[in-house]
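Let's take a walk through a protein model together. Have the sequence handy, and keep turning the picture as you read.

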Amino acid sequence: SYQCRNVTVSNNAIYVNGHGYTYGITIAANNSIIRDNVVNVSSNLYACGIQIDGPSSGLNVKSNAINITSERYTYGIYSYRIYGDINNMSYINNAIDARSYAACGIEAVERNPTISQNHINVYGNYTAGIVVKPNSNITISDNEIGSFGSNVGNESTGDSFILKERR
């Protein structure tokens, strides 16, 4: 299968305003870096600042400013192994502001992540600063997380992050 290596995404200003599923950066790569970017994403449904897919290993996501807004779901940084394994990733010193009905700062569904020194603020009816898959070798340290309740967005959700039963 095709696989990227030694990719650098740095010093970019990315502004995305879309409908439906909207992403700032999407990557699957080994031994690569995403650093010093400004990523602003807004959508009526789903907004994601940086999405990492597999196969990926040794990717370093650091010192990015990520601002995301949506009516329903937001993820500052999201990794999920849809197309292959993800492991040995590091998320260091990112500033994340997520505003939505269901807002998540970092979700790392992978093996051996390091999540450190991030500044995360999430605003919404359902919020999570950091979500990880339970496994060994997870390092989460020295993060600052603010989780603020609000009446952002509508009442329906069907994302894997949270499912609210309709009344």
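How many bridges join strand β12 to β16? There are seven, and the two strands, with β12 covering residues 73–80, run parallel. Before we go further, keep in mind that you are looking at a predicted model.

Now let's zoom out from that pair. β12 and β16 belong to an open sheet of five strands, and if you read across it the order is β4-β8-β12-β16-β19, with parallel pairing. At the edges sit β4 (21–27) and β19, each of which pairs on one side only. Going from one strand to its neighbour, the average turn is 10°, direction ignored.

Let's cross part of the sheet step by step. Start at β8, residues 46–52, which pairs with β12 in the parallel sense through six bridges. Here you can find Cys-48, whose bridge partner in β12 is Tyr-75. Tyr-75 also stands opposite Cys-104 in β16. From there, Cys-104 stands opposite Ala-128 in β19. That last step joins β16 to β19 (residues 126–132), a parallel pairing with six bridges.

While you're at β16, check how covered the strand is. It spans residues 102–109, and eight of its eight residues are buried.

Time to look at the surface. Tyr-80, Ile-82 and Tyr-83 make up a nonpolar patch there, and together they have about 370 Å² of accessible area. Ile-82 lies in the loop between β12 and β13 (86–87). Is Ile-82 buried or exposed? It counts as exposed because its relative accessible area is 52%, and the cut-off for exposed is over 50%.

Finally, let's hunt for some unusual backbone spots in the loops. As a rule, most residues other than glycine have a negative phi, and most peptide bonds are trans. Asn-31 goes the other way, with a positive phi of about 50° even though it isn't a glycine. You'll find Asn-31 in the loop between β5 (29–30) and β6 (33–35), and at 52% relative accessibility it is exposed. Asn-88 has a positive phi too, near 55°. Its loop lies between β13 and β14 (90–92), and with 42% relative accessibility Asn-88 is partly exposed.

The last stop is a peptide bond. From Gly-54 to Pro-55 the bond is cis, with omega near 0°. Look for Pro-55 in the loop between β8 and β9 (56–57).

Terms used
Residues are numbered from 1 along each chain as its sequence is written. This is a predicted model: local features need pLDDT of at least 70, side-chain atom pairs count only at pLDDT 80 or more; totals for chains, interfaces and linings use all residues. Side-chain values use heavy atoms; hydrogens and water are left out. Buried means under 20% relative accessible area, exposed over 50%, partly exposed in between (1.4 Å probe, protein chains only). Helices (H or I, at least four residues) and strands (E, at least two) are DSSP runs, numbered from the N terminus. Two strands pair if DSSP finds at least two bridges between them. Patches are made of residues with over 30% relative accessible area and no salt bridge: like charges are joined within 9 Å, nonpolar side chains (Val, Leu, Ile, Met, Phe, Trp, Tyr) within 5 Å. Accessible areas come from the Shrake-Rupley method with a 1.4 Å probe; for residues, only the protein chains shown count as cover. A salt bridge is a side-chain nitrogen of Lys or Arg within 4 Å of a carboxyl oxygen of Asp or Glu. Axes are lines fitted to C-alpha atoms, for helices over the stretch in contact, and angles run from 0 to 180 degrees between N-to-C directions.
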